[in-house]
Amino acid sequence: MKNFIGTQMIYTYANGWEYEIYIKNEDTVDYRIHSGMVGGRWVKDQKVDMVKLVEGIYKVSWTEPTGTDVCVDFMMDEGRVHGVIFFPKWVEEHPEITVCYQNDYIDLMKSSREKYETYPKHVVTHYAEITYVKNVGRDNEEIISQATYEGMTDEIRSGSFYR
């Protein structure tokens, strides 16, 4: 896991959704969703289950306060990702509620989960291409530290975002 911990990645799913994840440490990730159904959402300190399946392939899984379940396989040697996202019905119907810095709205996520229907789940499963990967070290609070904006991922990939 030592080569995976501290990795920041940007990846684009086949449906065009662009995500960014930072593997902060053995059980925590930070991430931003740059486009798609919940584009603009960002999260710090999400607790996850993380395993190395075989050399170069890692599985990261978690349940969000929204009730969304996520399972992502990172195939580092191939530069690919396979993700499955299980959105509760309420997130599919009211995605705008989740488009925020989640850490400041945990109570809203939990109350929305109770207020709205959760089933049937909206399942999204796609492959993605990793378009940026860099090991930035573990527990770096500066990597995912602000909301996404148009052009951010291009700035990260070009090296002009972090100074």
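This passage describes the annotated positions, the aromatic pairs and two polar residues of a predicted model.

In the UniProt record, an unreviewed entry, Tyr19 and Glu64 are listed under "active site", and both of these residues belong to the lining of the largest cavity. Tyr19 is located in strand β2, which covers residues 18–25, and Tyr19 counts as buried because its relative accessibility of 8% falls under the 20% limit that is applied to buried residues. When residues up to four places away in sequence are not counted, the contacts of Tyr19 include Met9, Ile10, Tyr11 and Tyr13, together with Arg32, Ile33, His34 and Ser35; Val38, Ile85 and Phe87 are also touched by Tyr19.

Glu64, by contrast, is placed in a loop, namely the one between β6 (57–63) and β7 (69–75). Glu64 has a relative accessible area of 7% and is therefore buried. With neighbours within four places in sequence left aside, Glu64 is in contact with Tyr31, Arg41, Gln46, Val70, Gln102 and Arg113. For one of these residues, Arg41, a polar contact is also found, in which the side chains of Glu64 and Arg41 are joined at 3.2 Å.

The aromatic side chains were then examined, and 12 aromatic pairs were found in a search of the whole structure. One of them is formed by Tyr13 and Tyr19, whose ring centres are 5.4 Å apart and whose planes stand at 85° to each other, an arrangement that is classed as edge-to-face. Both Tyr13 and Tyr19 are buried. A further pair consists of Tyr31 and Trp62, where the centres are 5.5 Å apart and the angle between the planes is 35°, so that the pair is classed as tilted. This pair links distant parts of the chain, since Tyr31 lies in strand β3 (residues 28–33) and Trp62 in strand β6, with the two positions 31 residues apart in sequence. Tyr31 is buried, at a relative accessible area of 3%, and Trp62 is likewise buried, at 7%. Ring pairs also connect Phe4, Tyr11, Tyr13, Tyr19, Tyr58 and Phe74 into a cluster, and the annotated residue Tyr19 is thus one of the members of this cluster. Another kind of arrangement involving a ring is found at Tyr127, where the charged end of Arg80 sits over the ring at 4.2 Å from its centre.

Two polar residues, Asn25 and Asp30, were considered next. Asn25 is found in strand β2 and counts as buried, because its relative accessibility is 11%. The side chain of Asn25 is joined by a polar contact of 3.1 Å to that of Thr28, and by another polar contact, of 2.7 Å, to that of Asp139. Apart from neighbours within four places in sequence, the residues in contact with Asn25 are Ile5, Met50, Arg138 and Asp139.

Asp30 lies in strand β3 and is buried, with a relative accessible area of 0%. The residues touched by Asp30, without those up to four places away in sequence, include Glu20, Ile21, Tyr22 and Lys24, as well as Val43, Lys44, Asp45 and Ile144. With Lys44 there is in addition a polar contact between side chains, at 3.2 Å. Asp30 and Gln46 are separated by 16 residues in sequence, while the distance from C-alpha to C-alpha is 6.2 Å.

How values were computed
Residues numbered from 1 in each chain as written. Predicted model: local features only at pLDDT ≥ 70, side-chain atom pairs only at ≥ 80, totals over all residues. Heavy atoms only, no water. UniProt positions renumbered as here; feature names shortened; annotations may be inferred. 1 Å grid on protein atoms, 1.4 Å probe; cavity = no way out; pocket = protein on both sides within 12 Å on 5 of 7 lines; lining within 4 Å. Helix = DSSP H or I, 4+ residues; strand = E, 2+ residues; numbered from the N terminus. Buried < 20%, exposed > 50% of the residue type's maximum accessible area, 1.4 Å probe, protein only. Contact = heavy atoms within 4.5 Å. Polar contact = N/O pair within 3.5 Å; in protein donor to acceptor, adjacent residues only side chain to side chain. Phe/Tyr/Trp six-rings, centres within 6.5 Å; stacked < 30°, edge-to-face > 60°. Lys NZ or Arg CZ within 6 Å of the ring centre and 35° of its normal.
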